[in-house]
Amino acid sequence: MSVNHTLLYRLYERRLMNQLKKQVVPKHIGVILDGNRRWAKAVGAEASQGHREGADKVHEFLDWAEDAGVDIVTLWMLSTDNLKRSSDEIRKLLDIIVNAVSELASTKRWKLRLVGATDLLPEKIATQLHKAVASTDNIEGMNVNIAVGYGGREEITEAIKQFLRQRAHMGESLDDVAKNLHVDDITDNLYTRGQPDPDLVIRTSGEQRLSGFLLWQSAHSEYYFCEAYWPDFRRIDFLRAMRAYSQRERRMGR
């Protein structure tokens, strides 16, 4: 990047930041970290290199979100569909995720939470992730949900199962449960229970679909689709997403 280009970039970034100081900031942002493999292919590297570059970007993104005043970030790092990839790629990817989560935990800046079916992961990997996340239990910084082994349909299915188990334990009949079932009963059993729904969902790489991300929680979310692959996602891209969010009129289904 030339000196003039760098200067223009910084001036534009500063302009966006100044604009956002007067705008409403989303309290919860969900992010679909898409495009790592395509980034690697574009530069002639192995998929694992793309995953490493993507993992490195996470820390930067959290810095930006924290500076902007965001309270919660949910990062989709591994889907249940991803687990169907080749064993070699998954092994490398899981190692990268464990290292990334451990490094985030070691900063002692953010309160981490696992979101997903970790029982689908190799036992050693799941144990390492839980240990890293548990080390942040007493942190009072921004909340960061790490979605690993996550699928939206699976989450809703598991929430219903958990609710039914609770009611069965209380001795209620299936008919009584069905009559009294409420939306909040499902919400209270999701992986993100106790947290507000995402105000903004960002997806990188140009794909314009959710692919099952936070299906229940994103019913009234605003969406922002960015052309950049996740490893190339810049602060300007983040600020543009924030600006787009601030310019929308949220009706919340009304």
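**A walk from the sheet to the pocket**

Let us begin with helix α9, made of residues 235–246, which lies across the strands β1 (28–32), β5 and β6 and runs at about 145 degrees to β6. As you look at it, keep in mind that this is a predicted model.

The strands under α9 lead us into the sheet. It is an open sheet of 6 strands, and following it across gives the order β3-β4-β2-β1-β5-β6, with parallel pairing. At its edges stand β3 and β6 (222–225); each has a single partner strand, so one side of each is left without a neighbour in the sheet. Neighbouring strands here are turned against each other by 20 degrees on average, with direction ignored.

Now take a look at the β6 edge. The partner of β6 is strand β5, residues 200–203, and 4 bridges link the two in the parallel sense. To find your place on this pair, look for Ile202, which stands opposite Tyr224 in β6.

The other edge can be explored in a similar way. There, strand β3 (residues 111–115) runs parallel to strand β4 (residues 143–150), and 5 bridges join them. Lys111 is a handy landmark, with Asn143 as its bridge partner in β4. Between these two strands the chain passes through helix α5, residues 123–134, and the β-α-β crossover it makes on the way from β3 to β4 is left-handed. Helix α5 also packs on the sheet, where it touches β3 and β4, and its direction makes about 150 degrees with that of β3.

With the sheet in view, we can turn to the largest pocket, whose volume is about 640 Å³. Its lining counts 32 residues, and the ones closest to the centre are Leu33, Asp34, Ser79, Asn82 and Arg85. Several elements give two or more residues to this lining: the helices α2 (36–42), α3 (47–68), α4 (87–106) and α6 (152–169), together with strand β2 (72–79). What classes of residue make up the lining of the largest pocket? There are 12 nonpolar, 11 polar and 9 charged residues.

So the tour ends where sheet and pocket come together: β2, a strand of the open sheet, is also one of the elements that line the largest pocket.

Terms used
Residues are numbered from 1 along each chain as its sequence is written. This is a predicted model: local features need pLDDT of at least 70, side-chain atom pairs count only at pLDDT 80 or more; totals for chains, interfaces and linings use all residues. Side-chain values use heavy atoms; hydrogens and water are left out. Two strands pair if DSSP finds at least two bridges between them. Helices (H or I, at least four residues) and strands (E, at least two) are DSSP runs, numbered from the N terminus. A crossover is right-handed if, with the strands pointing away from the viewer, the path from the first strand over the helix to the second runs clockwise. On a 1 Å grid over the protein atoms alone, a cavity is a set of points where a 1.4 Å probe fits but cannot get out, and a pocket is an open set with protein on both sides within 12 Å along at least five of seven lines; lining residues have an atom within 4 Å of a point. Grid points are joined across faces, edges and corners, and a volume is the space filled by probe spheres set on the points. Ala, Val, Leu, Ile, Met, Phe, Trp, Tyr, Cys and Pro count as nonpolar, Asp, Glu, Lys and Arg as charged, and the others, Gly among them, as polar. Axes are lines fitted to C-alpha atoms, for helices over the stretch in contact, and angles run from 0 to 180 degrees between N-to-C directions. Contact means heavy atoms within 4.5 Å.
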